[in-house]
Number of protein chains: 2
Amino acid sequence: MTSVAQQSVTPAAGGVQFPRVLIIGAGFGGLYAARVFRDTLTQVTVVDRSNHHTFQPLLYQVATAVLAPSDIAAPIRWLLRKQPNTEVLMGEVERVDPDRRVAILDNGTELPYDYLILAAGARHSYFAHPEWEAVAPGLKSIDDAIEIRRRFLKAFEDAERESDPAAREALLTFVIIGGGPTGVELAGMLPTIARHTLRGDFRRIDTASARVILLEGGPRILPTFPEDLAAHAERDLRELGVDVRTRSMVTSVEPNAVCVGDERIVARTVLWAAGNTASPLGRLLGPSVPVDRAGRVIVNSDLSVPDRPEIFVVGDLAVMSTDGKPVPGVAQGAIQSGRAAARNVLHSIRGEGRADFRYWNKGDMATIGRYKAIGDFGHGIHVAGHPAWWFWLFLHILYLAGFRNRLSVLIEWGYAFFRYGLGARLITRNR
Amino acid sequence: MTSVAQQSVTPAAGGVQFPRVLIIGAGFGGLYAARVFRDTLTQVTVVDRSNHHTFQPLLYQVATAVLAPSDIAAPIRWLLRKQPNTEVLMGEVERVDPDRRVAILDNGTELPYDYLILAAGARHSYFAHPEWEAVAPGLKSIDDAIEIRRRFLKAFEDAERESDPAAREALLTFVIIGGGPTGVELAGMLPTIARHTLRGDFRRIDTASARVILLEGGPRILPTFPEDLAAHAERDLRELGVDVRTRSMVTSVEPNAVCVGDERIVARTVLWAAGNTASPLGRLLGPSVPVDRAGRVIVNSDLSVPDRPEIFVVGDLAVMSTDGKPVPGVAQGAIQSGRAAARNVLHSIRGEGRADFRYWNKGDMATIGRYKAIGDFGHGIHVAGHPAWWFWLFLHILYLAGFRNRLSVLIEWGYAFFRYGLGARLITRNR
């Protein structure tokens, strides 16, 4: 099989129309799909509602003021600047018309395609309680992270000037709803920052007295990890002073409290890490395209959708499986499926057969606080504690480097990480 | 004269009450005033509406996506962490009651003082047209800079997806109102970024075709600089392609246009750099305290206000003079007056006489685009062009280093500057 990527390529001459590939979403799935088309005879358009790609696995560090937003995000068009056949548009896709093969933007602009790769991802979901969102923000985008950072830092500022002890305690109580990786990483970082980064800067309050409560509805935290690692993470969290409560279903979220059954936990800062719902674009593909309860599209083995071989769905918006096992909603799942869909587009353009998508599990990690982590690499290879954290750091610098200049990341990000988030501690959009 | 700072100091023992100094505002004036009290027998409270000190001379670089917000801001409490006698509160001061010697915060908290240093600065002013603010944002804070950056970057994004040529031209026209240093620095940087940083990243538009129009009501730009330097700056701006128009009074600012007399300039992005008004706190000090038309307090030669020897006003909120010449509203004016007021507080505490404030003009600079600048160092010492820019860079790294770790600034800021604002190019708070 000859790769188009290895052929010599000339720019589209007047009149010559190369196949048009439209990629919706520039998260991991969309970005890595777009890169496959570098130096191919295609016309690629990438649409995203924001102007930047976000390195999502480190969003929790922006939310906790360890890293600055600019440390983990880069303009999408800059990332794809060396692909002359690829254009980037910032805009919200309102719907896709599969019969006419166009996507329609919020301003009415129509984007025609020959092949569509839908990588629009997921947002956090409040299930039947959309009103909880205003009280308990979730963490999916840079804007989300800036909002959580604002609330987190503002709570300490307000506590410093609060004279009423009960109000002060409420301000210094942080509740995180959801014991998955995001919830665990937020819960582990908050007490670390409170005790180390912030402590010497306050005079009236002891920031180390901040309480962090992690609420998980199920029987244990980190349900997607093996039991021994989850237990290790729970021990590490408790050591950091986190109050980990499993089998704790939240029944109500109010501006100043969270209710779990009969208990009312008074807290001014509540963060949501409990559930996701897929982009609405999946449901809008038409009656022939099946979706699950979360709105994710159930794709064919080649990542296309039933009856529409020119439409592919990848990443968090897709229900995919390998050897009967579901592909997890992590960065690697999006990267690998994005690339696989793009390669199948190229196969079709060249008249070749498509390949089935197979997820290669490179392992899954989560950090607990600043210097501990857990990692599951399959085949019973489990790591935990400090060595796991160093491995996690190494991996993340490596991956971050993939989308920015390698040396610059080592200098800047490494430095930002170890200086304990000085410039990252800004409260912006306060009014 | 022995300085208290040189005495050995022990923390306040139970019952001992040291003189309470309240500093309102943590810009250059307030921050440098606070630092004078390090290791003195005083109790210092610094109040600011935001949690960070901003290095204002570089704000225009955040607004033009050269630097990230975190590069030029640091938490106030972190900057003062090594002064155990100093506490920092984040809050808005609503008014000062000089008779009771308290300042009152927005939440009703009362802050008593023995000495007050008012360093609340200025905001941009729209004179009789407050409705222009929504259309033409000004540049005083990090939040302002983020908003201007959002509009600046968004204009190119919208132009890239716009098919109507007239609408596209309006999106690529940027009008800056006001030919002072801020207006000149914004006007010089916009075409530089459009031509170099952004150009290779767009496919449908030529970002270099962006028009930048600088409108100044008076007969020349940079009226506070000597004529030869202002003329040099104007030439440099024209070389960058900036359309510099003097004697151009703006008569109306609309969402899609700016009117100058009979001419209507169609532009989607309009920035305001035309005027300042002092914080309202100056006017609220009572009938015995004189203010000028901009609301600035006319202070005594020791920087205190008439009939209230315990109240000092410094920085942009004060009308000050040395040898009959007004002290300019620049960083050095705020730094020097802040320090002088603080030293006079210490003199009074020790029963010594106060010193008159004398402004030492260290010179004044402005940059034009990325690699040119002008500088006026008094005594006829004028510099311009590239050498001036290198000198400007050296000075600013030196001063930035004063409030952050020197090595870290050299690495990080220098790097951020030369990489042409990669991570800084984020559009946040888009919804």
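**Domain arrangement in chain A and a central strand of chain B**

In chain A, the centres of domain 1 and domain 2, taken over C-alpha atoms, are separated by 33 Å. Domain 1 of chain A comprises 4-124 + 277-349 and domain 2 of chain A comprises 130-274, with bounds from an automatic or database domain assignment. The model is predicted: local features need pLDDT of at least 70, side-chain atom pairs count only at pLDDT 80 or more, and totals for chains, interfaces and linings use all residues. Residues are numbered from 1 along each chain as its sequence is written, while chains are lettered from A and ligands numbered from 1 in the order in which they are written.

The contact between these domains (C-beta atoms, placed from the backbone, within 7 Å) takes 15 residues from domain 1 of chain A and 19 residues from domain 2 of chain A. By class, the domain 1 side has 9 nonpolar, 5 polar and 1 charged residues; Ala, Val, Leu, Ile, Met, Phe, Trp, Tyr, Cys and Pro count as nonpolar, Asp, Glu, Lys and Arg as charged, and the others, Gly among them, as polar.

In chain B, 5 of the 5 residues of strand 11 (residues 173-177) are buried, so this strand is largely enclosed by the rest of the structure. A residue is buried if 20 or more other C-beta atoms, placed from the backbone, lie within 10 Å of its own; strands are DSSP runs (E, at least two residues), numbered from the N terminus. B:T173, B:V175 and B:I177 point one way from strand 11 of chain B, and B:F174 and B:I176 the other way. Strand 11 of chain B pairs (at least two DSSP bridges) in the parallel sense with strand 12 (residues 211-215) of chain B over 5 bridges.

Terms used:
Buried ≥ 20, exposed ≤ 12 C-beta atoms within 10 Å, placed from the backbone. Helix = DSSP H or I, 4+ residues; strand = E, 2+ residues; numbered from the N terminus. Contact = placed C-beta atoms within 7 Å.
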